[in-house]
Structures are given as structure tokens and as C-alpha cells.
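Let's walk through this one together, starting with the rings and then stepping back to the whole chain.

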Amino acid sequence: DPPGGSQKEKPSTSRADMEEIPSWREKALEDAISFKDHEPDRAEGMLLEVLVGEQTNFGGEMRKVDEEDERKVRAQEAAVAALLEIYVKMGNVSGIVKLLDLLKLRFFPRVAKAKTAKLVRTLIDAVDRIPGTKDSGVLQGLCEETIEWCKSEKRTFLRQKIEGRLAALHLESKRFLEAMTILDELLREVKRLDDKAHLLEIQLLESKVYRALRNLPKSKAALTSARTTANAIYVPPAFQGEIDMQAGIVAADEKDYKTAYSYFYEAFEGFMSLDDPRAAQNLKYMQLCKIMANSSPGDVISVVSGSVALKYAGPDLEAMQSIAKAYEARSLQDFELVLEKYRSQLGDDPVVETHLSSLYNGLLENNLLRIIEPFSRVEIEHVASLIKLNLSTVESKLSQMILDKKLNGILDQGNGILVVYETRTLPKAYQSTIDTFSKMDLVVDSLFERALSLK
């Protein structure tokens, strides 16, 4: 005892002070994060212990851990995030799948459903970031497996979200029938629940699928439904940009390039404000609209002449400018050279590829008509040599033009000759005479019916 016989009181430890003292999980988490860059295997083992361990070894003795559940969950969430970072960096898909199975058994039953949904989507996003998982079908398989788990656990909201993700994956892999099968059922469910935010995502995805199937009326109808739904709720800027972008694509398919340009411009401004890389894609589509509207190369270049657009300059925009110059020169050779040079920028984008294909076909038809104009009979091989294309391509295109009635003639394939007939404009009297006979035929039929009724 101290002098005076009084006993010194021990200082009390408040709840706030206890929270400042790191638990074993938090200490282990900090150590694991310090190892994850240079010793990922060691960090992985430590993080798994943080995630599922109930005991730890300090000073050679094992003791039971007692800590607040909230701090424990926070540490476990951080461990999951760190593990995902390691697995993505190593390309370890199986590690993520095993982690998801582990969480289903040991972690998800003890946390809120909203937190579970967030973690599941984070794990799926992590698999998506690993190259090759979409092409190999690993990501689709993981989504399907998770959907079955959601059904068994009766987690409807999460299941619907992942089904939407699976439909989007089917769209990317061009499995349109599977995508529409999922979306049809999903639309009915979400409409009953009146979840407008999720309904908007599904309607926009439905529009994309129908557009990929070349069903433009249904694509436009789904887009109109999506815009109506968007008017009733708050739409984040990034998603509004997606809606405007899809509206521009549909308008371009209808050959309304002026309207399409305005939609792409709205999407460009929205994505640019968010520093989203899709801003450059919309800038490319704006140039495409200018080309398809028969604008001069100067107008196409002016789209990217502003100080704001200059930061997006690159091969994509250079490719569109080269296409504009080749189209103005009406040169098929230059057009093909640009397509070959910028194959990844032009051929890998389905929107650009569709419209450039139409542009190329129009240019080819005009060049063929100009070449064969002086002839009544001409060898197909001679036409091919003049236009500098192979014989089979020219022969196929000429037969298509004849069937489409863009060219009045026949192909004598036995002799390899194109016979061109003179296009005659019939006098108006011919058509008037045919119309008169048609009306007289109707009168005679009417008189015959009345005569039968009198009998």
C-alpha cells in the first residue's frame, strides 16, 4: 500500500478506449497486407486465418479471442478485399471460387443480406477482371452456380441481380437466345416487385439484345420503356450516359444520323464529366455519324478539334478520319487499306463495323455503275480489273445488284459476260391505260355480281 494507507484506484477502461486497442485480427490483417506484394502465398494464409480463424498464437500459447462482432466483420471484409486483390493479380480463378464457397459456409449466414449481396457481386467482378474468364465460360459458370445458391437460400434480390449479369454475359458472347430467355422471365418478376432501378437495367439490356438480333422495332420499344422508367427515378450519370449511347445507336440504325449525333454528344458529355473511357467511344460514334451523313472530312475532323476532345485523340479517331478521306475520294483501295490498317479499331466494334460495311457496299455499287455505264456488253473480268477487285467478289456483287433491281441486265456466266439493258422510261400513257383497264375490271365485276343477285 502507498503511504497513508490508502489504496490507489485502477483506471477504468471505457468502450472507446477498448475500440482503440487493435484486436488480433486487425494486427494479423495489417501484417498480411504488408506481405501481399512480395510474399503473396504467406499473405494468403494469414488473410484466410483472419477470415475464418477463432484462435491465434501469441507468445507460443493458444487463447480464445473475444472481440466485438462489428470490428470482427470489418476486419473480415478487409481480408476478403485483400485476398481478391492477390487472386486477381495472380490470375487465380479457382482461389476466388473456393473463397466464395468458404464465405457461403462461414461468413454469409452471420451477416446482413445486403452485405452478402455486395460481397458476392464484388467476387464476381473480381473474376471478370481476370483475362480470359468470359471466353472460357468460367464467369458464366460462376454466375449460374451462384444463382442456384440464391434459389436454395431464397435470396431473390441477389438472384435477380446476378441473372441480369448473366444475361449481359450471354449478350457479349453472342448467345442471344439464352439472354432473351433470362430477360423475359426477369422482366415479369421485376415488374411485379416494382423495382424501377433494376427494371431500367433490364429494359436497357433487352434493347441491346434486340438490336444485336437486328430486330430494330423491338429494340426501339424496349429503349422507349427504359426512358419512361428513367423519368420516374433518379438515374446516375454513368447509367444515363449508357441510355443516351443506346439511343444514338438505335437512331443510327434507322439512318437518322443527325439525331444519333445529338444522343452521342449527350453521352460523351456525361462520360467525360466522370472521366469514363467510354467518352472516347462516343466521340468515335459522333465522327461515324458525320461520315454516314456524307459530311466532308473537314466536318469529321472538326468533331475532335476542340481542346476538350483533344485529350481523347488516338488510333480510334485517326481511323475515322482516314475513312472519311477515303470515302470522299470514292476510292475502294484506300477504303480497304484503312480497314486493314485499323482492323482492331474498326472491325472489333460491332456498331462501327455494321455502318462501315453499309458504306463500303454503297461505294462499291456506285463505282461498279460508273464503270459499266458506257457498255452494253462487257466481260466481268474486265470490270474486275478496272475496279481492282477479285473476279468472284465482282460477280457476286453484280448478281446482287441485278436481283435488287439496281442494275438492269443479266449475267452470262457461261461466257463470263455482263449484258446491260437500256433503261427505258415508259410514257405516262402506258400507266394511265393500265389504270383504266384495272378500274374497268372492277366495274365489270360489280355488274356481274348485281346480275347474279337479280336472278
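For what follows, rings of Phe, Tyr and Trp (its six-membered ring) count as a pair if their centres lie within 6.5 Å. Keep in mind that this is a predicted model.

With that cut-off in hand, a cluster turns up: Phe107, Phe108 and Trp149 are joined by ring pairs. In total, the structure has five aromatic pairs. Two of them are worth setting side by side:

| Pair | Geometry | Centre to centre | Angle between planes |
|---|---|---|---|
| Phenylalanine 264 and tyrosine 285 | tilted | 5.1 Å | 50 degrees |
| Phenylalanine 268 and tyrosine 312 | edge-to-face | 5.8 Å | 75 degrees |

Where do these rings sit? Phenylalanine 264 belongs to helix α13 (residues 257–273) and tyrosine 285 to helix α14 (residues 278–292), so to speak a link between distant parts of the chain, 21 residues apart. Phenylalanine 268 is in helix α13 as well, but its partner tyrosine 312 lies in the loop between α16 (307–310) and α17 (315–328), with the two positions 44 residues apart in this link. As for cover, phenylalanine 264 and tyrosine 285 are both buried, and phenylalanine 268 and tyrosine 312 are both buried too.Now for a residue without a ring. Glutamine 160 lies in helix α8 (residues 156–172). Is glutamine 160 buried or exposed? Its relative accessibility is 1%, so it counts as buried. What does glutamine 160 touch, once neighbours within four places in sequence are left aside? Its contacts are Leu186, Glu189, Val190, Leu193 and His198.

Stepping back to the whole protein chain, the secondary structure amounts to 23 helices and five strands. The chain is more spread out than a compact globule, because its radius of gyration is 34 Å, well over the 23 Å that the globule rule gives for 455 residues. Measuring along the principal axes of the model, the C-alpha trace spans about 135 × 70 × 45 Å.

How much of the chain is buried? Of the 455 residues, 40% count as such. Among contacts with a separation of 6 or more, 58% are between residues 24 or more positions apart.

On the outside, the accessible surface of the protein chain is about 26,500 Å², and carbon and sulfur atoms hold 52% of that. If you care about electrostatics, the protein chain has 62 positive and 71 negative charges, and the mean positions of the two sets are 3 Å apart.

Technical notes: Residues are numbered from 1 along each chain as its sequence is written. This is a predicted model: local features need pLDDT of at least 70, side-chain atom pairs count only at pLDDT 80 or more; totals for chains, interfaces and linings use all residues. Side-chain values use heavy atoms; hydrogens and water are left out. Helices (H or I, at least four residues) and strands (E, at least two) are DSSP runs, numbered from the N terminus. The radius of gyration is taken over C-alpha atoms; the globule rule is 2.2 Å times the number of residues to the power 0.38. Buried means under 20% relative accessible area, exposed over 50%, partly exposed in between (1.4 Å probe, protein chains only). Contact means heavy atoms within 4.5 Å. Accessible areas come from the Shrake-Rupley method with a 1.4 Å probe; for residues, only the protein chains shown count as cover. Lys and Arg count as positive and Asp and Glu as negative; His and the chain ends are not counted. The place of a charge is taken as NZ of Lys, CZ of Arg, CG of Asp or CD of Glu. Rings of Phe, Tyr and Trp (its six-membered ring) pair if their centres lie within 6.5 Å; planes under 30 degrees apart count as stacked, over 60 as edge-to-face and the rest as tilted.
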